[in-house]
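Hi,

Here is the structure I said I would pass on. Have a look at it first, and then read my notes below.

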Amino acid sequence: MKTIRLRTMWLVIVTLLWLSLPFTLAAQEKPRILRWATWPAGSVNHVMTSAMASVVDKYYKSSSRVASYGAFTDYIPLMNRGETDFGILNALEAWAAYQGMVPYYQEKHRNIRVIWAAPAGKVSVLVRANSKY
């Protein structure tokens, strides 16, 4: 009789532990995946973007993905729609995208913000307007 109770108790404990396993795994903090948009691999902008992404990953405990595009006119619309978190381009191009200046842009991209800017002709970092960064 005592053996049956002991086996039942162990079965209940093992079952409860087994059932709680998915909840404990889901409760673990997963790193946020950050999406960076930049120029093609081998360009100075790509190298800078990769370096910035690695520094952010180190201190923010995130996991970055750097995607290469042919030009900023390719990834600015993606940023405007929220399909990428960060973009790299100069301040004048960012202003042109925000204002929708022809011939590069046919519409205004009002969902982007410059979070860091260098003098004209240098590199700026962009985020979406409702970004928490």
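Which strands does α4 lie across, and at about what angle does it run to β4? With the caveat that this is a predicted model, the answer is β3, β4 and β5, with the helix running at about 160° to β4.

α2 has a similar entry in my notes. That helix lies across β1 (32-38), β2, β3 and β5, and its direction is at about 170° to β2.

Now the overall layout. The protein has four helices and five strands, and if you walk along the chain from the N terminus you meet them as α-β-α-β-α-β-α-β-β.

The sheet is where I'd spend some time. It is an open one, built from five strands in the order β2-β1-β3-β5-β4, with mixed pairing. β2 and β4 are at the edges and have a single partner strand each, so each of them has one side without a neighbour in the sheet. On average, neighbouring strands here are turned by 30° against each other, ignoring direction.

For one pairing in detail, take β3 (residues 86-89) and β5 (residues 124-128): they are antiparallel and share four bridges. If you want a spot to zoom in on, Leu 89 has Ser 124 in β5 as its bridge partner.

Two bits of backbone geometry to check in your viewer. As background, most peptide bonds are trans, and most residues other than glycine have a negative phi.

- The peptide bond between Val 102 and Pro 103 is cis, with omega at about 15°. Pro 103 belongs to the loop between α4 (91-99) and β4 (112-116).
- Lys 61 is not a glycine, yet its phi is positive, near 55°. You'll find Lys 61 in the loop that joins α2 (44-60) to β2 (62-68).

Is Lys 61 buried or exposed? Its relative accessible area is 64%, so it counts as exposed, the cut-off for that being over 50%.

Finally, some whole-protein numbers for you. Of the 133 residues, 29% are buried. The exposed surface comes to about 9,000 Å², and 65% of that is supplied by carbon and sulfur atoms. As for contacts with a separation of 6 or more, 59% of them are between residues 24 or more positions apart.

Over to you!

Cheers

Definitions and conventions. Residues are numbered from 1 along each chain as its sequence is written. This is a predicted model: local features need pLDDT of at least 70, side-chain atom pairs count only at pLDDT 80 or more; totals for chains, interfaces and linings use all residues. Side-chain values use heavy atoms; hydrogens and water are left out. Helices (H or I, at least four residues) and strands (E, at least two) are DSSP runs, numbered from the N terminus. Buried means under 20% relative accessible area, exposed over 50%, partly exposed in between (1.4 Å probe, protein chains only). Contact means heavy atoms within 4.5 Å. Accessible areas come from the Shrake-Rupley method with a 1.4 Å probe; for residues, only the protein chains shown count as cover. Two strands pair if DSSP finds at least two bridges between them. Axes are lines fitted to C-alpha atoms, for helices over the stretch in contact, and angles run from 0 to 180 degrees between N-to-C directions.
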